[in-house]
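Here is a short tour of a protein model for you to follow with the structure open beside you. Take a moment to turn it around before reading on.

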Amino acid sequence: VEPGVVHVMKLTVRNLSTRAKRIRIAPPATREFTLKYGAPGVTAPGMSATADIEFYTTEEKDFHDKVIVQVDEERLEVPLHATLPCPEITFDSFLDFGIVTLNSRSSKYVDVKNTGTVRGQFKIMYDESMPVRISPRTGLVDAGKASRLRVEFFGNECVVFRLLAQVELLGQPSKILDVNATVMDQLLDIV
């Protein structure tokens, strides 16, 4: 939401029964949300009742409330959320190199996507003594865009390898990038 701007959303309740129903909508409790609803009395089968829910604030913060829809004895809570624009950084959190030959290098890519409404920032932290290099380790991703990470693995010893890299995201909880590989010596015997 944007402070100082009125946001309006429609709530429609349709009567799916075979009998006429009285639809009531209880207003939200907070002053930032308001309900504009002219109760139609009884709603015929197949018809609907529509209400406008308006949101207005001058503060820069998230707001949460609810309206309660009551049809005869049935009661339904409809949550209302008005949140500030924020980034929504996503990526495939599991990266499997599979089998890697001893003393070889393998590279894979991870796409870091921002499906949010504002630019997002990430920072990747891991033990640099491990046989992995991730680049870039920090970056900005514009809203609706993606950034590609290159992950290189160096198979220096025969081992089942796992690295949990912490990905810090500005304005979001941290996530984990789980990097796995199995390093094997390539032996070929001709009999």
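Let's start with a lysine. K113 has a relative accessibility of 44%, so it counts as partly exposed. This residue belongs to strand 10, which covers residues 104–114. Please keep in mind that you are looking at a predicted model. Setting aside neighbours within four places in sequence, K113 is in contact with E88, I89 and T90, and also with V141, K145 and A146. Between the C-alpha atoms of K113 and V8 there is a separation of 29 Å, and the two residues are 105 residues apart along the chain.

V8 also appears on the surface: together with V6 and Y56, V8 makes a nonpolar patch of about 270 Å². To find Y56, look in the loop that links strand 5 (48–55) to strand 6 (63–71). Y56 is partly exposed because its relative accessibility is 39%, which falls between the 20% and 50% limits.

Now for a residue on the inside. Is E152 buried or exposed? With a relative accessible area of just 6%, E152 is under the 20% limit and therefore buried. You will find E152 in strand 14, residues 146–155. The side chain of E152 makes a polar contact of 3.5 Å with the side chain of R150. Not counting residues up to four places away in sequence, E152 touches F97, R105, S106, S107, P131, V132 and R133.

The three residues compare as follows.

| Residue | Location | Relative accessibility | Class |
|---|---|---|---|
| E152 | strand 14 (146–155) | 6% | buried |
| Y56 | loop between strand 5 and strand 6 | 39% | partly exposed |
| K113 | strand 10 (104–114) | 44% | partly exposed |

F97, one of the residues touched by E152, leads us to the nonpolar interior. In soluble globular proteins, nonpolar side chains tend to be buried together. Here the largest nonpolar core has 25 residues, and those with the most contacts inside it are F97, F122, I124, I134, V151, F153 and L177. At least two residues of this core come from each of strand 9 (94–101), strand 10, strand 11 (120–125), strand 12 (132–135), strand 14, strand 15 (159–169) and strand 16 (175–184). Which strand gives the most to this core? That is strand 15, with 5 residues. A separate core of 17 residues lies apart from this one, and includes L11, F33, L80 and A82.

For a closer view of the largest core, try I124. Beyond residues up to four places away in sequence, I124 touches I134, P136, R137, L149, A165, Q166 and V167.

Notes: Residues are numbered from 1 along each chain as its sequence is written. This is a predicted model: local features need pLDDT of at least 70, side-chain atom pairs count only at pLDDT 80 or more; totals for chains, interfaces and linings use all residues. Side-chain values use heavy atoms; hydrogens and water are left out. Helices (H or I, at least four residues) and strands (E, at least two) are DSSP runs, numbered from the N terminus. Buried means under 20% relative accessible area, exposed over 50%, partly exposed in between (1.4 Å probe, protein chains only). A polar contact is a pair of N or O atoms within 3.5 Å; within protein, one must be able to donate a hydrogen and the other to accept it, and residues adjacent in sequence count only if both atoms are side-chain atoms. Contact means heavy atoms within 4.5 Å. A nonpolar core is a set of buried Ala, Val, Leu, Ile, Met, Phe, Trp, Tyr and Cys residues joined through side-chain atoms within 4.5 Å. Patches are made of residues with over 30% relative accessible area and no salt bridge: like charges are joined within 9 Å, nonpolar side chains (Val, Leu, Ile, Met, Phe, Trp, Tyr) within 5 Å. Accessible areas come from the Shrake-Rupley method with a 1.4 Å probe; for residues, only the protein chains shown count as cover. A salt bridge is a side-chain nitrogen of Lys or Arg within 4 Å of a carboxyl oxygen of Asp or Glu.
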